[in-house]
Amino acid sequence: SALAAARYGKDNVRVYKVHRDEKTGVQTVVEMTVCVLLEGDIETSYTKADNSVVVATDSIKNTIYITAKQQPVTPPELFGSILGNHFVEKYSHIHAAHVNIVTHRWVRMGVDGKPHPHSFVKEGGETRNVQVDVHEGKGIDIQSSIKNLTVLKSTGSQFHGFLRDEFTTLKETWDRILSTDVAADWQWRRFSNLAQVKANARRFNPAYEVARNTTLKTFAEDNSASVQATMYKMGEIILAAEPLLDTVDYALPNNHYFEIDLSWHKGTKNTGKDAEVYAPQSNPNGLIKCTVGRA
Ligand SMILES: O=c1[nH]c(=O)c2nn[nH]c2[nH]1
């Protein structure tokens, strides 16, 4: 046998960094969970118990903290590129670094209608993530994403005209609840090196805002014919907004809310246009995926 592939590193490195604006007294916080995996001429550490090629995962963890101290930690696309590039440049036998960053949403607290200078609220499990893959001598691939943004609309969603055969029991509907946990990601065109990432660093936050706002606005406003049709509209708009994007991906679970027939109780009407009380379903769920690319 032979080693077909290998990468190793430190996962679940939790990092918090505060920025203190001395003039205004406003403090800003970033909290993230980082994973760094390294690839390169490390085969002998697997096949020959040769640890001389191993940058210890503890050293990788230390490097994450030092880099977070010395470098900007936002936008995560930039921090991930700086971090990955460090390992490829520092160690001649390391030829690729794979950095995953999950940033948690500490949203500034509003107190008496005003943004508080140093207090924050974590809103749900929604995160902003990046996957940065630094390939020595080839370039830097960045995928940005939103995860666990749970949304629901109480109407404005339909599903009819679908294929009917001997396996079909689902009733057609022109008015249903639609709820999903948004997982969206957008793939940047390969950056040739760290300098080019830095030259485009101003694009990352606006792209995130466009992706998040487009997702919410389209979800809310589209009189959805299906999850498929609505997610495609989202992807089209995001792609049109940022020329450096190659593709936009969505993976949307369809979290079903079933009508409950209550007619057994004194003829209580609770289906169709009289439906008010529903049974939210944990499973099974639809799962609709797509990748929107340039024509
Ligand atoms: O939006 C939807 N797409 C589907 O493919 C589907 N299948 N059942 N319900 C559905 N809703």
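**Exercise 1. State how many aromatic pairs the count gives, and classify two of them**.

Solution. The count comes to four aromatic pairs, where rings of Phe, Tyr and Trp (its six-membered ring) pair if their centres lie within 6.5 Å, and planes under 30 degrees apart are stacked, over 60 edge-to-face and the rest tilted. Phe159 and Phe162 are one of these pairs: with 4.7 Å centre to centre and 10 degrees between the planes, the pair is stacked. For Phe191 and Phe204 the centres are 6.0 Å apart and the planes stand at 75 degrees, so this pair is edge-to-face.

The model is predicted: local features need pLDDT of at least 70, side-chain atom pairs count only at pLDDT 80 or more, and totals for chains, interfaces and linings use all residues. Residues are numbered from 1 along each chain as its sequence is written, and side-chain values use heavy atoms, with hydrogens and water left out.

**Exercise 2. Assign Phe159 and Phe162 to a burial class**.

Solution. Buried means under 20% relative accessible area, exposed over 50%, and partly exposed in between (1.4 Å probe, protein chains only). Phe159 has 23% and is therefore partly exposed. Phe162 has 16% and therefore counts as buried.

**Exercise 3. List the residues around the ligand and break the shell down by class**.

Solution. With a cut-off of 4 Å between a residue's heavy atom and the molecule, the ligand is surrounded by Phe159, Leu170, Arg176, Ser226, Val227, Gln228, Asn254 and Ile288. By class, the shell has four nonpolar, three polar and one charged residues.

**Exercise 4. Give the distances from the ligand to polar side-chain atoms of Arg176, Gln228 and Asn254**.

Solution. A ligand oxygen lies 2.8 Å from a polar side-chain atom of Arg176. For Gln228, an N or O atom of the side chain is 2.9 Å from an oxygen atom of the ligand. Asn254 places a polar side-chain atom 3.3 Å from a ligand nitrogen.

Note on methods:
A polar contact is a pair of N or O atoms within 3.5 Å; within protein, one must be able to donate a hydrogen and the other to accept it, and residues adjacent in sequence count only if both atoms are side-chain atoms. Ala, Val, Leu, Ile, Met, Phe, Trp, Tyr, Cys and Pro count as nonpolar, Asp, Glu, Lys and Arg as charged, and the others, Gly among them, as polar.
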